[in-house]
Amino acid sequence: MPLIEFICHDGETHQVHVASGTSVMQAAVNQGLDAILAECGGCASCGTCHVYIDNGWIDKLVPASAGEQSMLECVSEPARNSRLGCQVRVTDELDGIVVHLPESQF
Ligand code: FES
(Lines give C-alpha, C1' and ligand atoms only; values in the text may rest on other atoms or scores of the structure.)
Protein backbone atom coordinates (compact mmCIF):
# COMPACT_ATOMS: atom_id res chain seq x y z
CA MET A 1 0.00 0.00 0.00
CA PRO A 2 2.02 2.97 -1.24
CA LEU A 3 1.79 6.27 0.60
CA ILE A 4 0.90 9.59 -0.99
CA GLU A 5 1.58 12.82 0.85
CA PHE A 6 -0.68 15.61 -0.32
CA ILE A 7 0.35 19.16 0.54
CA CYS A 8 -2.49 21.65 0.24
CA HIS A 9 -1.98 25.23 -0.90
CA ASP A 10 -2.27 26.41 2.72
CA GLY A 11 0.44 23.99 3.83
CA GLU A 12 -1.88 21.42 5.41
CA THR A 13 -0.68 17.89 4.73
CA HIS A 14 -2.59 14.64 4.30
CA GLN A 15 -0.91 11.25 4.23
CA VAL A 16 -2.93 8.60 2.45
CA HIS A 17 -2.19 4.92 1.87
CA VAL A 18 -3.72 3.58 -1.33
CA ALA A 19 -3.88 0.30 -3.18
CA SER A 20 -1.13 0.07 -5.78
CA GLY A 21 -2.43 1.37 -9.09
CA THR A 22 -4.78 3.97 -7.59
CA SER A 23 -4.65 7.31 -9.36
CA VAL A 24 -3.57 10.43 -7.52
CA MET A 25 -6.96 11.93 -8.43
CA GLN A 26 -8.93 9.05 -6.94
CA ALA A 27 -6.84 9.10 -3.78
CA ALA A 28 -7.50 12.82 -3.32
CA VAL A 29 -11.22 12.48 -3.99
CA ASN A 30 -11.49 9.56 -1.57
CA GLN A 31 -9.75 11.70 1.03
CA GLY A 32 -12.23 14.53 0.45
CA LEU A 33 -9.63 17.03 -0.68
CA ASP A 34 -11.54 19.97 -2.16
CA ALA A 35 -8.69 21.06 -4.44
CA ILE A 36 -9.41 18.18 -6.81
CA LEU A 37 -12.70 18.49 -8.68
CA ALA A 38 -12.25 15.68 -11.25
CA GLU A 39 -15.30 16.76 -13.22
CA CYS A 40 -14.77 14.23 -16.02
CA GLY A 41 -14.26 11.35 -13.64
CA GLY A 42 -10.76 10.56 -14.84
CA CYS A 43 -11.05 10.68 -18.64
CA ALA A 44 -8.26 13.26 -19.01
CA SER A 45 -10.75 15.64 -20.59
CA CYS A 46 -11.48 18.31 -17.94
CA GLY A 47 -8.17 19.33 -16.39
CA THR A 48 -9.73 19.80 -12.95
CA CYS A 49 -7.49 17.23 -11.30
CA HIS A 50 -4.37 19.32 -11.93
CA VAL A 51 -1.62 18.74 -9.39
CA TYR A 52 2.05 19.58 -9.03
CA ILE A 53 4.25 16.56 -8.45
CA ASP A 54 7.08 17.35 -6.05
CA ASN A 55 10.30 18.04 -7.92
CA GLY A 56 11.97 15.11 -6.21
CA TRP A 57 9.43 12.74 -7.77
CA ILE A 58 8.44 14.17 -11.13
CA ASP A 59 11.17 12.41 -13.08
CA LYS A 60 10.22 9.02 -11.60
CA LEU A 61 6.82 9.07 -13.30
CA VAL A 62 5.86 7.66 -16.64
CA PRO A 63 5.91 10.73 -18.91
CA ALA A 64 2.62 12.39 -19.77
CA SER A 65 0.94 11.20 -22.95
CA ALA A 66 0.34 13.60 -25.81
CA GLY A 67 -3.29 13.86 -24.76
CA GLU A 68 -2.39 14.68 -21.18
CA GLN A 69 0.16 17.23 -22.33
CA SER A 70 -2.38 19.05 -24.46
CA MET A 71 -4.87 19.12 -21.58
CA LEU A 72 -2.17 20.49 -19.28
CA GLU A 73 -1.86 23.48 -21.63
CA CYS A 74 -5.39 24.43 -20.56
CA VAL A 75 -4.99 24.27 -16.78
CA SER A 76 -4.57 27.28 -14.53
CA GLU A 77 -0.93 28.11 -13.75
CA PRO A 78 0.78 25.15 -15.41
CA ALA A 79 4.37 24.35 -14.45
CA ARG A 80 7.09 21.88 -15.43
CA ASN A 81 5.89 19.52 -12.70
CA SER A 82 2.19 19.77 -13.58
CA ARG A 83 0.30 16.52 -14.13
CA LEU A 84 -3.29 15.42 -14.35
CA GLY A 85 -3.92 13.51 -11.15
CA CYS A 86 -6.14 11.04 -12.97
CA GLN A 87 -3.26 10.01 -15.24
CA VAL A 88 -0.74 9.31 -12.48
CA ARG A 89 -1.07 5.86 -10.97
CA VAL A 90 0.74 5.28 -7.71
CA THR A 91 2.61 2.01 -7.62
CA ASP A 92 4.86 0.55 -4.95
CA GLU A 93 7.83 2.18 -6.69
CA LEU A 94 6.24 5.56 -5.96
CA ASP A 95 5.73 4.89 -2.24
CA GLY A 96 6.08 8.22 -0.44
CA ILE A 97 5.36 10.43 -3.46
CA VAL A 98 4.68 14.05 -2.57
CA VAL A 99 1.90 15.86 -4.45
CA HIS A 100 1.21 19.58 -4.13
CA LEU A 101 -2.37 20.74 -4.66
CA PRO A 102 -3.16 24.03 -6.41
CA GLU A 103 -5.15 26.75 -4.70
CA SER A 104 -7.78 26.53 -7.42
CA GLN A 105 -8.48 24.56 -10.59
CA PHE A 106 -9.62 27.75 -12.39
S1 FES B 1 -10.41 14.03 -13.80
FE2 FES B 1 -10.75 15.17 -15.59
S3 FES B 1 -8.80 15.40 -16.45
FE4 FES B 1 -8.45 14.24 -14.66
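Hi everyone, let's begin in the middle of the sheet: strands S1 and S7 run parallel and are joined by four bridges. If you want one pair to find on screen, look for Glu5, whose bridge partner in S7 is Val98. Before I go on, please keep in mind that this is a predicted model.

Now for the other neighbour of S7. Strand S4, residues 50–53, pairs with strand S7, residues 97–100, in the antiparallel sense, over two bridges. Here Tyr52 has His100 as its bridge partner in S7, and Ile53 stands opposite Val99.

Let's put the whole sheet together. What is the order of the five strands in the open sheet? It goes S2-S1-S7-S4-S5, with mixed pairing. Strand S2 (13–17) and strand S5 (82–84) are at the edges with a single partner strand each, so one side of each has no neighbour in the sheet. From one strand to the next, the twist averages 35°.

Stay with S7 for a moment, because in a regular strand the side chains alternate between the two faces of the sheet. In S7 you can follow this residue by residue: Ile97 and Val99 point to one face and are buried, while Val98 and His100 point to the other face and are not buried.

Next, the helix H1. Which residues of H1, residues 24–31, are buried? They are Val24, Met25, Gln26, Ala27 and Ala28. The cover over the buried residues of H1 includes strands S1, S2, S3, S4, S6 and S7. Just after H1 comes Gly32, with a positive phi near 75°.

That brings us to the core. In soluble globular proteins, nonpolar side chains tend to be buried together. In this model the largest nonpolar core has 19 residues, and Ile4, Val24 and Val99 have the most contacts inside it. S1, H1, S4 and S7 each supply at least two residues of this core, and the largest share, four residues, comes from H1. Val24 is a nice one to click on: leaving aside residues up to four places away in sequence, Val24 touches Ile4, Val51, Gly85, Val88, Val90 and Val99.

Let's turn to two residues in a loop. Most residues other than glycine have a negative phi. Ala38 has a positive phi, near 50°, and Ala44 has a positive phi too, about 60°. Where do they sit? Ala38 is in the loop between H1 and S4, and Ala44 is found in that loop as well. Are they buried or exposed? A residue needs 20 or more other C-beta atoms within 10 Å to count as buried. Ala38 has 19, so it is partly exposed, and Ala44, with 18, is partly exposed as well.

Finally, let's zoom out. The chain has two helices and seven strands, and along the sequence they follow the pattern β-β-β-α-β-α-β-β-β. The radius of gyration is 12 Å, close to the 13 Å that the globule rule gives for 106 residues, so the chain is as compact as a globular protein of that length. Along its principal axes, the C-alpha trace spans about 30 × 25 × 25 Å. Buried residues make up 27% of the chain. And of the contacts between residues at least 6 apart in sequence, 65% join residues at least 24 apart.

Thanks for listening, everyone!

Note on methods. Residues numbered from 1 in each chain as written. Predicted model: local features only at pLDDT ≥ 70, side-chain atom pairs only at ≥ 80, totals over all residues. Pairing = 2+ DSSP bridges. Axes fitted to C-alpha atoms, helices over the stretch in contact; angles between N-to-C directions. Buried ≥ 20, exposed ≤ 12 C-beta atoms within 10 Å, placed from the backbone. Contact = placed C-beta atoms within 7 Å. Core = buried A, V, L, I, M, F, W, Y, C linked by C-beta atoms within 7 Å. Rg over C-alpha atoms; globule rule 2.2 N^0.38 Å.
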